[in-house]
Every structure is written in C-alpha cells, then in structure tokens.
Amino acid sequence: MKGIDSSHVLIAPSLLSSDFTRLGEAIVLMEEVGADLLHCDVMDGHFVPNLTFGPPIIKAIKENTEIPLDVHLMITNTDETLEWYIDVDPRIISVHAESCIHLHRVIQAIKDAGILAGVVVNPGSSLHIIEDVIEDVDLVMLMSVNPGFGGQSFIGRAVDKCIHLKEICEERGVDPIIMIDGGINPRTAPAMVRAGATCLVAGNAVLGEADPIAAYRALRKAVDSAQEKA
C-alpha cells in the first residue's frame with residue numbers, strides 16, 4: 001500500500017514520547033531499527049487537553065527522514081486546517097470521526113491529494129460512527145487510551161472492539177490497515193495482533209525508554225511471535 005510493507009504487523013513509534021529537544025536523535029534511532037512509520041500526534045489543547053506540534057515541525061521531520069510519516073490529527077478544526085497538513089505530504093493523515101463536521105469530505109480531500117486517509121475512533125465512541133465511511137478509508141485507528149497524553153494504561157475493551165471492526169471489514173469486503181494507539185507494549189501488543197490489528201503505535205514503550213533500540217526490538221519480537229501464532 002503506497003510504499004508501506006504490509007507483509008508484517010507494522011510498528012509506528014510515536015514521537016510524542018521522545019525528548020523534543022533531541023527529536024533528530026530519536027528519528028535516527030528509529031531509522032536504525034527499521035521502524036515502519038513515524039507517528040506524529042498533533043494536539044490542539046481543545047479536542048484533547050494537551051499541545052504538541054503542527055505543520056512546520058512535521059515538515060522538518062519529513063525533510064530529514066525516509067521513514068513514512070503517519071500524522072494523527074487530534075484537533076477541533078480539522079475541516080478548516082486540513083490543507084496545512086496535506087501540504088506537508090505525509091504518507092498517512094488520520095482524522096477523528098468525532099471532530100469532523102464533514103467526515104466524508106475530509107477523507108476524500110486526503111485521498112485526492114494522494115495521501116492515505118485514516119479515520120480514528122475514541123474509546124467511548126461506537127464503531128457505528130465510521131460505518132458510512134469504512135469503504136472509503138485506507139486505515140482505521142482504534143484508540144486504546146483516551147487521547148491527549150502518552151503513558152496511559154491500555155483499555156482492555158479495545159481487544160473486542162478490534163475483533164468487531166475486523167468482522168465489519170470482512171462483511172464489507174474491505175481491508176484497511178487496523179491501527180491501535182495507546183498503551184501498546186510487549187505485554188499488550190500480542191492480544192491486539194490476535195484480534196486483527198495490523199499496525200501498532202508505540203510511544204512510551206519505545207521512545208520513552210532509556211534504550212529505545214532495545215525497546216523497539218523487544219516489541220518487534222513480541223509482535224512477530226504473536227503474528228506467527230495468529
């Protein structure tokens with residue numbers, strides 16, 4: 001799918017958990033371990049209670065790495081500011097179903113720009129919220145924590161939600177990337193892989209660790225083992 005290796009479950013380290021004063025070093029480390037994607041969390045202090053970075057930082061990241069960028073918009077004004085992120089031209093842009101006034105239009109605008117379009121569902125939202133666009137998206141992201149902060153505990157109900165999502169996709173004859181974001185580590189990742197997840201966002205479990213390379217490899221080993229047994 002547009003340059004993304006889908007032969008194995010993808011791991012997308014989240015730059016939210018890196019030291020922002022050493023962002024370049026974090027990117028180099030993730031290049032060394034062969035990270036599949038770099039997850040960029042955009043937070044506005046309104047949709048979620050935190051502020052992170054916007055298009056200028058993402059553009060600088062893109063100019064300094066070959067790792068595909070996965071941009072996750074956690075903002076209230078998605079419809080009005082989407083073009084800012086399209087102009088950066090990341091590999092993926094994912095938007096929250098809960099934040100878009102015109103969700104279908106937003107998804108089509110992303111796809112028309114040649115960017116993979118993702119839709120995100122919060123822990124407290126039903127999958128019904130995305131059923132009318134599930135045939136249009138390239139990726140569905142299930143939040144397994146409430147968005148806004150790194151380091152939160154995994155919400156176990158995400159496993160059953162992922163199984164249900166997989167069933168819906170099979171019924172509709174579609175096969176989007178199923179991404180899980182929140183609380184992913186070598187202990188929680190295997191259950192999500194068995195439930196049908198094909199991409200896992202990892203923040204504190206990788207870039208929040210003292211040795212991100214060893215942490216990534218431990219997560220990769222747990223994910224690959226679970227995929228072999230699935």
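**Salt bridges and one unusual backbone angle**

Tutor: In this predicted model, glutamate 131 forms a salt bridge with arginine 172, and their closest N and O atoms are 3.9 Å apart.

Student: Why is the contact between glutamate 131 and arginine 172 called a salt bridge?

Tutor: A salt bridge needs a side-chain nitrogen of Lys or Arg within 4 Å of a carboxyl oxygen of Asp or Glu, and the closest N and O atoms of this pair are 3.9 Å apart, so the contact meets the definition.

Student: What makes this pair a tie between separate parts of the chain?

Tutor: Glutamate 131 lies in the loop between strand 5 (116-121) and strand 6 (139-143), whereas arginine 172 belongs to helix 5 (residues 158-172), so the pair ties together parts that are 41 residues apart in sequence.

Student: Why is glutamate 131 called partly exposed?

Tutor: Its relative accessible area is 21%, and because buried means under 20% and exposed over 50%, glutamate 131 falls in between.

Student: How do you know that arginine 172 is partly exposed?

Tutor: The relative accessibility of arginine 172 is 31%, which lies between those two cut-offs, so arginine 172 also counts as partly exposed.

Student: Why is the contact of arginine 220 with aspartate 36 called a salt bridge?

Tutor: Their closest N and O atoms are 3.2 Å apart, which is within 4 Å, so this pair qualifies too. Arginine 220 lies in helix 7 (residues 212-229) and aspartate 36 in the loop between helix 1 (23-33) and strand 2 (38-43), so the pair ties together parts 184 residues apart in sequence.

Student: What is notable about phi of aspartate 89?

Tutor: Phi of aspartate 89 is near 60°, a positive value in a residue other than glycine. Most residues other than glycine have a negative phi.

How values were computed: Residues numbered from 1 in each chain as written. Predicted model: local features only at pLDDT ≥ 70, side-chain atom pairs only at ≥ 80, totals over all residues. Heavy atoms only, no water. Helix = DSSP H or I, 4+ residues; strand = E, 2+ residues; numbered from the N terminus. Buried < 20%, exposed > 50% of the residue type's maximum accessible area, 1.4 Å probe, protein only.
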